[in-house]
Amino acid sequence: MNALPKTIAPSLLSADFTDLGGAVRQIEAGGAAIVHLDVMDGHFVPNLTIGPPVIRALRKVTSLILDAHLMIEAPERSLADYIDAGADMISVHVEASPHLHRTVSRIREAGRRAGVVLNPATPAEAVREILPHVDFVLVMTVNPGFGGQRFIPSVLPKIRQIRDEIATRRLAVAIEVDGGVGPDNIAELAAAGVTIAVAGAAVFGSGDPVAAIRQLQSML
């Protein structure tokens, strides 16, 4: 499986839900390689968003990488639904999956890229044992559950710690961040080791999503 691209991953959470197909076309026009999909169940996080039917519909209209971030309780129970819907990347929260190795193994066995997610208050050490078994680590730079939140700068040392651990162990693991990403912090995130940056409000709240994606992509 090829390495994950260095790219902005626009989040559809901040897009117009009446025209998600149009939002994907803007992502394509901006040159991003990944579409980020925030899946929330109303239990692990307060909000309720999209699920497999929406991902399945998006799969029909784009060849971009679909990145399903599962902010749900017991993600292992519904993995097959997201795999069947066409998600290319599937990430689960360390805080929500007690049998983490089994869960990421199932994702990889299905030929998809597996990721683990850390909330802002969860230390980098929580992914030490699972690092050799995943394709990417998603570090939350806001508390999950809502779009448009402000970036938490105290998470930066954790990103650097994960970067250094990956380098020391010579692992092929990408670092993704999600939350409050914009022109004012994208360069600092890239310097910390981030190669996939999720951006929602900075893209779809900008007035010109295509130009915003291109700007952030050039800064990354």
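**Exercise 1. The sheet**

In this predicted model, determine in which order the strands of the open sheet are arranged and which strands lie at its edges.

*Solution.* Start with the order: 8 strands form an open sheet that reads E1-E8-E7-E6-E5-E4-E3-E2, and their pairing is parallel. Next, look for strands that pair on one side only, which identifies E1 (7–10) and E2 as the edge strands. Neighbouring strands of the sheet are turned by 25° against each other on average, if direction is ignored. As a detail of the pairing, follow E7 (residues 174–178) and E8 (residues 196–199), which are joined in the parallel sense over 3 bridges, with Glu 176 standing opposite Ile 196 in E8. Finally, add helix H8 (residues 209–219), which lies across E1 and E8 and runs at about 145° to E1.

**Exercise 2. The buried side of H2**

Identify the buried residues of helix H2 (residues 52–59), and work out what covers them.

*Solution.* The buried residues of H2 are Pro 52, Ile 55 and Leu 58. Because they cover an arc of only 125° around the axis, they fall on the same side of H2. Their cover includes helix H1 (20–30), strand E2 (34–40), strand E3 (65–71) and helix H3 (79–85). Ile 55 also appears, together with Leu 12, Leu 70, Val 116 and Ile 159, among the residues with the most contacts inside the largest nonpolar core, which has 61 residues. Apart from that core lies another of 9 residues, including Phe 136 and Val 198.

**Exercise 3. A salt bridge from H4**

Establish which residue meets the side chain of Arg 108 in a salt bridge, and which parts of the chain the pair ties together.

*Solution.* First place the helix: H4 (residues 100–109) has Leu 100, Thr 103, Val 104, Ser 105 and Ile 107 as its buried residues, and these pack against H3, strand E4 (89–93) and strand E5 (113–118). The partner of Arg 108 is Asp 135, at 3.1 Å from N to O. Asp 135 lies in the loop between E5 and strand E6 (136–140), whereas Arg 108 belongs to helix H4, so the pair ties together parts that are 27 residues apart in sequence. To compare the surroundings, apply the cut-off of under 20% relative accessible area for a buried residue: Asp 135, with 16%, is buried, while Arg 108, at 35%, counts as partly exposed.

Note on methods
Residues numbered from 1 in each chain as written. Predicted model: local features only at pLDDT ≥ 70, side-chain atom pairs only at ≥ 80, totals over all residues. Heavy atoms only, no water. Buried < 20%, exposed > 50% of the residue type's maximum accessible area, 1.4 Å probe, protein only. Helix = DSSP H or I, 4+ residues; strand = E, 2+ residues; numbered from the N terminus. Arc of directions from axis to C-beta. Contact = heavy atoms within 4.5 Å. Core = buried A, V, L, I, M, F, W, Y, C linked by side-chain atoms within 4.5 Å. Pairing = 2+ DSSP bridges. Axes fitted to C-alpha atoms, helices over the stretch in contact; angles between N-to-C directions. Salt bridge = Lys/Arg side-chain N within 4 Å of Asp/Glu carboxyl O.
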